[in-house]
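Visitor: Could you take me on a close look at a single part of this model, the nonpolar core and what surrounds it? I would enjoy one connected walk through it.

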Amino acid sequence: MTTYALTLSDVSRAFSTVRALDGVSLALLPGEIAGLAGPAGAGKSTLLRIAAGLVAPDSGDARVGGIPIGTPAARRLAGYAPETPVFPPALTVREVLSYYARFHVAGAGRRTLVHHALELAGLAGAAHARAAGLGRADLQRLALAQAALGGRRVLLLDETLSGLDPVARRDLSGRLARLAATGVAVLLAARDLAALERVAARVLVLRGGRVVRAGPLAALLKERVLEVILDGPPPEPPPGFRLTAAGLEAPLAGRTVEAALALCHAHRLAVRASRVRVKSLEEIVLDAHDAAR
Amino acid sequence: MHFLRCVLAEWALVRPRLVRTRLGPWLVVTGAGLVWLGHRGTDPATVAIYAGAFGAVLGAAFGVGADADRAALVIALTHPSTPLAVACGRWLAAALPAAGLAVACTLGVGGTARIALGGIATAAAVAGCALPAVLALGTGAALVLGSCLTIAGAAPPEDLVGFAEPGLARVAAASVLELGPALWRYRAVAERGAGNVGAILHAAGWAALGVVLASGLVARRIRAR
C-alpha cells in the first residue's frame with residue numbers, strides 16, 4: 001500500500017461568499033516536488049494554509065503522513081513557509097530558529113537542530129543578522145529553514161522561490177531538490193513559473209479554487225508549438241493559428257509540421273522561417289486558465 | 001511537559017527584547033522615576049504597585065503590541081505549539097520583568113516583602129488585562145490602559161462612583177472599578193500581605209482570564225489571516 005506524505009480529499013473552503021477551494025484532491029508522495037500554479041485568487045495559498053493546519057476546511061479530509069492536520073503531531077511532520085514570512089523582529093536568525101526549535105526538542109538537541117537548519121538553508125553566514133533586516137533571499141532561506149526544522153517530512157512553501165534573483169533562486173531550488181532526495185515531499189506554490197519548471201516533478205493548475213489541469217511536468221511540457229515568421233502580417237490567421245509579433249504560431253497537437261506549414265502556404269502566406277519549440281509552462285497554465293472559463 | 005517547553009520558548013524571547021528594543025530602557029526609566037518619587041515622599045506601596053502595573057503594560061506592549069510581533073505568531077503556530085502555550089508564555093514574558101521591576105523598586109525605596117508581593121500581584125493582574133487588549137488592538141491599547149490605571153485605577157470605587165450619574169452609569173462605573181485590575185485592590189496586598197486572600201485571588205483570576213482571552217485571540221488571529 002502506498003504511504004502518501006500528504007493527502008487532501010475533496011477539500012473545500014469558502015470565505016464568506018467567495019469559494020476559495022472547491023473539491024480539491026491531491027496526494028503527494030515522499031520525495032516528490034509538486035508545484036501549484038494559477039492566477040492570484042486561484043486558491044494556491046488557501047490550499048497550503050489548509051495543509052499547514054492554519055485554516056480548517058469546510059468539508060473534505062486532509063492528512064499529513066496519515067495524521068489529521070491541525071494536530072501538534074501533524075505540525076511535527078509538515079512545515080509551512082508563508083508568502084510574506086514575518087519573524088520576531090528583535091531576534092537574530094539563529095535566535096529565531098532556536099525559538100522554533102524549542103517547540104520540537106529540549107536541551108542540547110536544540111543546538112544540533114538549529115545548526116542543521118542553518119546549513120540546510122545556506123544561512124550559516126547570516127546566523128547573527130537580525131531577522132528584521134534580512135533581504136528577500138535570506139528571508140526566504142529563513143522561511144525554508146524554519147519549515148524544514150526538526151526533520152519535517154512535508155514542506156508547504158508559498159512563493160518561496162518567487163521574487164528572487166536567478167542565482168538565489170538556483171541555489172534555493174538546488175536545496176529543495178536535495179531535501180526531496182532525502183524523502184521530503186514539497187508542495188510549492190509559485191507565480192514564477194520558471195522556478196516551477198526548474199524543480200517540480202508534477203504541476204497542478206488551479207483556477208477559481210478547482211484543479212483545472214494536473215500532470216507530471218514532463219508530460220505537460222511534451223506539447224510542441226510551431227512558430228512561423230512571416231514577411232508581413234496576415235489579414236487573418238489560418239484555422240488553429242494565432243497571431244504573434246513576428247507572424248503566427250500554432251500548437252502541433254495531432255498534426256505534423258509539414259501539414260501546418262502546408263496550411264500556411266494554402267492561405268498564400270509568405271513564410272520566411274519556421275521553428276518548432278516546446279510549449280512553456282506559462283502557456284500551459286494560460287491555456288488551462290482560458291479553457292476553464 | 002511539552003506544554004511547559006512551549007511556554008518557556010515564549011519566555012525565552014524576553015532577553016533579546018530587553019536588550020535590543022526600547023523595553024529595557026523604558027523599564028529602567030520607569031523604575032528610576034518611581035524610586036525617585038519614593039524618595040520624595042511617595043509611599044513604598046504606591047511605588048511597588050505602579051512599578052508592577054507600568055512594567056506589565058510595557059511588557060505586553062513590547063511583547064505582542066507591534067504588528068510584526070503579532071504577524072510572527074502565524075509561523076509559531078505552524079510548529080507543534082498551541083495558542084494557550086503561546087498566551088501563557090507571553091503573559092509570563094510580560095509579568096515577570098514587571099514583577100522584577102516591582103521588587104527592585106521596593107528594594108530601592110526600602111519597602112518590605114509584603115509591599116513587594118503587592119507589586120507582584122499587580123504585575124500578574126495587569127499583564128493579564130493588558131495582553132488581550134494589546135493583542136486585539138495593538139500598542140495604542142497599552143497607552144490607554146496605562147492612562148486608565150494611573151488616573152482611575154488608584155482610587156477605591158467609593159471615591160470615584162460619586163462622579164458618575166446615578167443609575168445605570170453608576171452601577172457600570174462601580175462594576176468596572178470593582179472587577180477590573182484596579183490598583184487600589186492590590187494596595188491591600190501590599191499593606192496586609194498574602195493574608196488578603198480576596199485580592200490575591202482577584203489578581204490570579206485576572207491572570208488566568210487574560211491568558212484564556214489572549215489564547216482565543218491568538219487562535220482567532222491565525223484563522224483570520
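Guide: Happy to; we start in the core, follow a strand outward and end at the contact between the chains. Please keep in mind that this is a predicted model. The largest nonpolar core counts 167 residues, and those touching the most other members are A:Ala51, A:Leu188, B:Ala127 and B:Ala130. In chain A, domain 1 (6-216) and domain 2 (224-291) both give residues to this core, so it lies between them. There is also a second, separate core of seven residues, with A:Val228, A:Phe241, A:Leu248 and A:Leu269 among them.

Back to A:Ala51: leaving aside residues up to four places away in sequence, A:Ala51 touches A:Leu6, A:Leu8, A:Ala62, A:Ile69, A:Ala78, A:Leu156 and A:Leu187. Let us follow A:Leu6 from there. A:Leu6 has A:Val64 as its bridge partner in β4(A) and A:Leu28 as its bridge partner in β2(A). Strand β1 (residues 6-15) of chain A runs antiparallel to strand β4 (residues 59-64) of chain A, joined by five bridges. With strand β2 (residues 18-28) of chain A, β1(A) is again antiparallel, through seven bridges. The hairpin of β1(A) and β2(A) has two residues between the strands, and there A:Ser16 takes a positive phi near 50°.

Finally, the contact between the chains: chain A brings 25 residues and chain B brings 23. On the chain B side, the elements giving two or more residues include α1 (2-11) and α13 (197-224). α1(B) gives the most, with four residues. By type, that side of chain B divides into 14 nonpolar, four polar and five charged residues.

Technical notes
Residues are numbered from 1 along each chain as its sequence is written. Chains are lettered from A and ligands numbered from 1 in the order in which they are written. This is a predicted model: local features need pLDDT of at least 70, side-chain atom pairs count only at pLDDT 80 or more; totals for chains, interfaces and linings use all residues. Two residues are in contact if their C-beta atoms, placed from the backbone, lie within 7 Å. Ala, Val, Leu, Ile, Met, Phe, Trp, Tyr, Cys and Pro count as nonpolar, Asp, Glu, Lys and Arg as charged, and the others, Gly among them, as polar. Two strands pair if DSSP finds at least two bridges between them. A nonpolar core is a set of buried Ala, Val, Leu, Ile, Met, Phe, Trp, Tyr and Cys residues joined through C-beta atoms within 7 Å. A residue is buried if 20 or more other C-beta atoms lie within 10 Å of its own, exposed if 12 or fewer, and partly exposed in between; C-beta atoms are placed from the backbone. Domain bounds come from an automatic or database domain assignment.
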